[in-house]
Amino acid sequence: MPKHYWIVKQEPEAYSWEDFRKDKSADWTGVRNYQARNHLRAMQSGDLVFFYHSMTEKSIVGIAKVIRTAFADPTAEEGDWSAVTLAPLTPLGVPVSLGQIKADSVLQKMALVRNSRLSVSPVLGLEFEQILKLSRTKHP
DNA sequence: GCCAACGTTGGC
DNA sequence: GCCAACGTTGGC
């Protein structure tokens, strides 16, 4: 059982869930924000990670898994930055939109909503379950 | 395309 | 150490 849950954001035009699925795994590099970096460093092997499409889609589209914990980001030319390796686990049955998240009493307090600019944020167990529940439910 | 929120930088 | 200016991100 994973101990922690996370959410990472990505512009689908830059690197989509579909790209990720084809690659089978991806090094999560390029994070240049200390808060986000610290979240990367706190990830443990087997932790589950929601994959969020920002900008054009604004929806959680899949679940990934941490398969390698934090290591020095090879793309960083200077500074103390970290990366992890993620692998796609499963797409969500129905993507969960930011609109749904904001309308949900459990989810509207999510770090994702409170700080929309943070590219890596923690997700509570309760929030994780609630998102899974929404992803199994069709909505108009 | 605009703007709000946030982070970073640099002058004092 | 404070704060104004600037840059970046992402929602609308």
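DNA strand B has N33, Y34, Q35, R114, N115 and R117 around it, at least in this predicted model. Sugar and phosphate make up 50% of the strand B atoms that come within 4 Å of the protein. For DNA strand C, sugar or phosphate accounts for 79% of such atoms, with bases making up the rest.

**DNA strand B**
- Q35 puts a polar side-chain atom 3.3 Å from a phosphate oxygen of DNA strand B.
- Sort the residues near DNA strand B by class and you get one nonpolar, three polar and two charged.

**DNA strand C**
- Around DNA strand C sit K9, Y52, S54, M55, K58, L98, K102, S116 and R117.
- Two phosphate contacts here are worth a look: a polar side-chain atom of Y52 is 3.0 Å from a phosphate oxygen of DNA strand C, and one from K102 is 2.6 Å from a phosphate oxygen of DNA strand C.
- R117 goes for a base instead, with a polar side-chain atom 3.0 Å from a base oxygen of DNA strand C.
- The class split for the surface near DNA strand C is three nonpolar, two polar and four charged.
- R117 turns up in the surroundings of DNA strand B and in those of DNA strand C.

**The largest pocket**
- The largest pocket holds about 280 Å³ of space.
- Its lining has 15 residues, with K9, Q10, E11, S54 and S119 nearest the centre; K9 and S54 also appear around DNA strand C.
- β1 (5–10) and β2 (26–28) each put at least two residues into that lining, and β2 gives the most, with three.
- By class, the pocket lining comes out as five nonpolar, six polar and four charged residues.

Key. Residues are numbered from 1 along each chain as its sequence is written. Chains are lettered from A and ligands numbered from 1 in the order in which they are written. This is a predicted model: local features need pLDDT of at least 70, side-chain atom pairs count only at pLDDT 80 or more; totals for chains, interfaces and linings use all residues. Side-chain values use heavy atoms; hydrogens and water are left out. On a 1 Å grid over the protein atoms alone, a cavity is a set of points where a 1.4 Å probe fits but cannot get out, and a pocket is an open set with protein on both sides within 12 Å along at least five of seven lines; lining residues have an atom within 4 Å of a point. Grid points are joined across faces, edges and corners, and a volume is the space filled by probe spheres set on the points. Helices (H or I, at least four residues) and strands (E, at least two) are DSSP runs, numbered from the N terminus. Ala, Val, Leu, Ile, Met, Phe, Trp, Tyr, Cys and Pro count as nonpolar, Asp, Glu, Lys and Arg as charged, and the others, Gly among them, as polar. A residue is near a molecule or strand if one of its heavy atoms lies within 4 Å of it. A polar contact is a pair of N or O atoms within 3.5 Å; within protein, one must be able to donate a hydrogen and the other to accept it, and residues adjacent in sequence count only if both atoms are side-chain atoms.
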